[in-house]
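Visitor: Hi, could you walk me through this one? I'd like to ask as we go.

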Amino acid sequence: MIDLNDPEVRFATEAVRLASQMVKTIQAELVSPALTKDDRSPVTVADFASQALVGRLLGEAFPDDPLVGEEDSRALRGDSATLEQVTGFVRRFAHAATPEAVCAWIDRGNAAPQGRFWALDPIDGTKGFLRGDQYAVALALVVDGEVQLGVLGCPRLSDACLPDYNGPGSLVAATRGLGTWTSPLEGERRFQRLYTSAQDDPSQARLLRSFEAGHTNLGQIDGFVRLLGVLAEPLRMDSQAKYAVLAAGQGEVMVRLLSPSMPDYREKIWDQAAGSLVIQEAGGIITDLDGVPLDFTTGRTLRRNRGVLASNGHLHPAALEALRQIGA
Ligand code: AMP
Ligand code: MG
């Protein structure tokens, strides 16, 4: 059972729960009204607010621990209207919030990723967040290149980790050696263990891919599906919510192919750290497209890895072979 009395688990699950609740509020108050204007500013407000809140909570729980986050406050310091807005949202959850404190909490995230550190994606899947689809708050504890704890807040997944746009959302937490667990994101905590699917017939596999065409390679996805013999249409989904879906046995294979326009793209650690442990502790396997384990010792990006392949384990060898054949 996940140990909720463990100080790291308690901090990470509480920080992700509060940050998820806050960005959900920002979505309700800012995104929905802005959707018609093609306005990206709600994402900026939510990204900064989420990182500030987690930075603040980490400072209280583990003052000496470094945070590696996607954002830094430089752009925000020159935009006092947005900074005021961010501060207003953060203050609802952290009463000490002032513009200056909020910038300092965000900038905790500038630490170097080495030794023991926390990796944070304050909103993973910003495109999904703006579209009203899937997104996640992702926080992981990495120690000497090994992810020890991974927590995902998925406001638009159900208890069973299926899309649910009106429920309380889903909190998914994995600790090394103790499994992957889920609880409703809001209300009473009721943790249930998650397991990847036992499906070993590729024709019955459900494939998960990025919603955004620019984050993958559509031509290669078609070839991959054909060679693997997958019958169902791949499921398009933003963010590490995909990793929660796979961990819950609601999908079998997840692939991040390299976009033809950005063949040298390398994954960011905050996009993979939490989700990778969520998959492994549920019984799945995660590697890069060449079958190489993800290496979290190479800085803010996974420099030694190309793309990502995750699966329930049973289908990993066949998926790697199909990737090899399509030249991915
Ligand atoms: P997804 O929602 O699965 O497409 O993943 C979202 C993440 O993709 C974002 O957090 C970005 O960091 C990352 N991303 C941005 N550009 C690319 C790209 N060209 N290829 C792959 N991932 C990208
Ligand atoms: Mg991200």
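Guide: Sure, here is a chat about the ligand site, one asparagine and two helices.

Guide: This is a predicted model, where local features need pLDDT of at least 70, side-chain atom pairs count only at pLDDT 80 or more, and totals for chains, interfaces and linings use all residues. Residues are numbered from 1 along each chain as its sequence is written, chains are lettered from A and ligands numbered from 1 in the order in which they are written, and side-chain values use heavy atoms, with hydrogens and water left out.

Visitor: Okay, which residues surround ligand 1?

Guide: Asp121, Asp124, Ser210, Gly214, His215, Asp238, Ser239, Lys242, Arg256, Met262, Tyr265 and Asp271. Each has a heavy atom within 4 Å of the ligand.

Visitor: Which side chains have a polar atom by an oxygen atom of ligand 1?

Guide: Among them are histidine 215 at 2.6 Å, lysine 242 at 2.5 Å and arginine 256 at 2.8 Å. A polar contact here is a pair of N or O atoms within 3.5 Å; within protein, one must be able to donate a hydrogen and the other to accept it, and residues adjacent in sequence count only if both atoms are side-chain atoms.

Visitor: And how much of ligand 1 does the protein bury?

Guide: The protein buries 87% of the 500 Å² that ligand 1 exposes when taken alone (Shrake-Rupley method, 1.4 Å probe).

Visitor: Switching topic: where is asparagine 217?

Guide: Asparagine 217 is in the loop between β8 (207-209) and α7 (218-228). Helices (H or I, at least four residues) and strands (E, at least two) are DSSP runs, numbered from the N terminus.

Visitor: Is asparagine 217 buried or exposed?

Guide: Buried, because its relative accessibility is 13%. The cut-offs are under 20% for buried and over 50% for exposed, with partly exposed in between (1.4 Å probe, protein chains only).

Visitor: What does its side chain reach?

Guide: Two backbone nitrogens are among its partners: glycine 219's at 3.2 Å and glutamine 220's at 3.0 Å. Leaving aside neighbours within four places in sequence, asparagine 217 also touches Leu257, Leu258 and Pro260 (heavy atoms within 4.5 Å).

Visitor: What do the buried residues of α7 pack against?

Guide: They pack against β8, β10 (253-256), β12 (308-311) and α10 (316-326). Gln220 and Phe224 are among those buried residues. After α7 comes glycine 229, with a positive phi near 80 degrees.

Visitor: Last one: why is α9 largely enclosed?

Guide: Because eight of the nine residues of α9 (residues 273-281) are buried. Just after α9, glycine 283 has a positive phi of about 110 degrees.
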